[in-house]
Amino acid sequence: MKATAIAPANIAFIKYWGKADDALRLPLNSSISMNLSECTTTTTVEFSDSYKEDAVEFLDQEALTILSRPLQDCQSESLRVCKHLDNMRARAGNTWRARVVTKNSFPKSAGIASSASGFAALTVAAAEALDLALSEKELTMLARLGSGSACRSIPDGFVEWLKGKNSQTSYAYSLYPEDHWDVRDIVVVVQTSQKKTGSTEGMDGVRTSPFWNKRLRDMPDTIKKIKIALVKKDFRLLGETIESECVNMHAVMMTQKPPIYYWNGTTMDIIRSVCDWRKQGIPVYFTIDAGPNVHLICEAKDEQIISKKAREIAGIEKIIVNKPARGARIVSEHLF
Ligand code: DP6
């Protein structure tokens, strides 16, 4: 009763910000994303009647040391993992406790959200270890209960998460495989000392923004544009739609009560640079999640020049160049 899975993080072209149902994690709107080749989580899960309690271990990428172990420490991240395991055990009619060991391909300090890749890998590994024999669609529905964006890390390539009306109709599926279009996401990791508001907590306040309703009303049209851009491989339409959708979400965040400002000075410097580079004829667009890091979306042919320019910006820590990637899958090598 042991299995290991690897899952990519994903970058949302259409963002998920706000829930229609908190317990079921049903989103207010459908969203669309691309899996990231260089930002992955690997997780091994073992269920055994010899374990007295669940244990969650986060391996540090650099030191390969255990960051947290006993659940008595009650890290909220670990508790969320255990709640998810309870969900999965209930489905399997199993009560055995589990040992979970997990590691990210990117350092925790990079500030890249790991809940999408983390809950996708956990769901796929635990389902296999419990012998649940679930379809991809069912796996995405289960992963969604752990973290909404995690459902988009299970199917391959470019993925849509349908908002649905209930748990059965809110799932993710692949719009196109990873080799459909050779676009890149260059993540510019920004130095920061800010304490972050997590996305779960942050999106609780979405309805206090005067703009959230407008955003939802425009959403079907925004989704249509992204789908046309993907089918026609129209990079300009893709980039313009991604960028305005991101700024739209941040306008909601900044006008919530209390407001959330995820950007810092370096984030603004990168945004201005992207606008300058476009004026110089380089097709590049930005998108930003719940933090100060900037994702630069470009075509493969422009990756080198944009990476070079991005590295020259003051206040950045590092860049991570991603290609579109496969979704979550079982691997044979365990972490313990
Ligand atoms: C800004 O999936 O982390 O990255 O469902 O509460 O775990 P929970 O939220 P989460 O939210 C992601 C928010 C976002 C946009 C996106 O990825 O769509």
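Begin by selecting the ligand: 18 residues surround it, and the closest are Y16, R80, S147, G148 and S149. The coordinates on screen belong to a predicted model, so confidence deserves a check before any detail is read.

**Confidence**

Colour the chain by pLDDT. The protein chain averages 93, and 94% of the residues score at least 70. Then select residues 62-74, where pLDDT stays under 50. The model has 24 contacts beyond four places in sequence for this stretch. Where pLDDT is low, predicted coordinates should not be read in detail.

**The ligand and its shell**

Return to the ligand and display its surrounding residues. By class, the shell has 6 nonpolar, 6 polar and 6 charged residues. Which element supplies the largest share of this shell? Helix α4, residues 199-203, does so with 3 residues.

Next, show the side chains of K19, S199 and T200 together with the oxygen atoms of the ligand. A polar side-chain atom of K19 lies 2.8 Å from a ligand oxygen. For S199, an N or O atom of the side chain is 2.9 Å from an oxygen atom of the ligand. For T200, the distance from a polar side-chain atom to a ligand oxygen is 2.7 Å. Taken alone the ligand exposes 460 Å², of which the protein buries 96%.

**Y16**

Select Y16, one of the closest residues to the ligand. Y16 lies in the loop between β1 (2-14) and β2 (19-21). Is Y16 buried or exposed? Y16 counts as buried because its relative accessibility is 11%, and the limit for buried is under 20%. Its side chain and that of K19 are joined by a polar contact of 3.3 Å; K19 also places a polar side-chain atom 2.8 Å from a ligand oxygen.

Now display the residues that Y16 touches, leaving out those up to four places away in sequence: P27, S31, G148, S149, R152, W161 and M203. Of these, G148 and S149 are also among the residues closest to the ligand. For a view across the model, draw a line from the C-alpha atom of Y16 to that of V321; the two residues are 305 residues apart along the chain and their C-alpha atoms are separated by 23 Å.

**Q256 and the loop between α6 and α7**

Move to Q256, in the loop between α6 (235-254) and α7 (265-279). Q256 is buried because its relative accessibility is 3%. What does the side chain of Q256 reach through polar atoms? One polar contact, of 2.7 Å, joins the side chains of Q256 and W17. In addition, the backbone oxygen of G202 lies 3.0 Å from a polar atom of the Q256 side chain. Beyond four places in sequence, Q256 is in contact with W17, G202, G205, V206, T208 and S209.

In the same viewer, select K257 and P258. The peptide bond from K257 to P258 is cis, with omega near -5°, and P258 lies in the loop between α6 and α7.

**Helix α3**

Select residues 136-146, helix α3. Its buried residues are L139, T140, M141, L142, A143, R144 and G146. To see what covers them, display elements including β3 (26-27), α1 (76-92), α2 (115-129), β7 (158-161) and β8 (172-176).

**Two residues with positive phi**

Select D131, in the loop between α2 and α3. Phi of D131 is near 60°, a positive value in a residue other than glycine. D131 is exposed, because its relative accessible area is 67%.

Then select K233, in the loop between α5 (212-232) and α6. K233 also has a positive phi, near 50°, and is a residue other than glycine. At 40% relative accessibility, K233 counts as partly exposed.

**S307**

Finish at S307, in helix α8 (residues 303-311). S307 counts as buried because its relative accessibility is 5%. Where does its side chain reach? The side chain of S307 comes within 2.8 Å of the backbone oxygen of E303. Leaving aside neighbours within four places in sequence, display I186, I319 and V321, with which S307 is in contact. V321 is the residue already used as the far end of the line drawn from Y16.

Terms used:
Residues numbered from 1 in each chain as written. Predicted model: local features only at pLDDT ≥ 70, side-chain atom pairs only at ≥ 80, totals over all residues. Heavy atoms only, no water. Helix = DSSP H or I, 4+ residues; strand = E, 2+ residues; numbered from the N terminus. Buried < 20%, exposed > 50% of the residue type's maximum accessible area, 1.4 Å probe, protein only. Polar contact = N/O pair within 3.5 Å; in protein donor to acceptor, adjacent residues only side chain to side chain. Contact = heavy atoms within 4.5 Å. Near = heavy atom within 4 Å. Areas by Shrake-Rupley, 256 points an atom, 1.4 Å probe, with all protein chains shown as cover. Nonpolar A, V, L, I, M, F, W, Y, C, P; charged D, E, K, R; others polar. pLDDT = per-residue confidence, 0-100.
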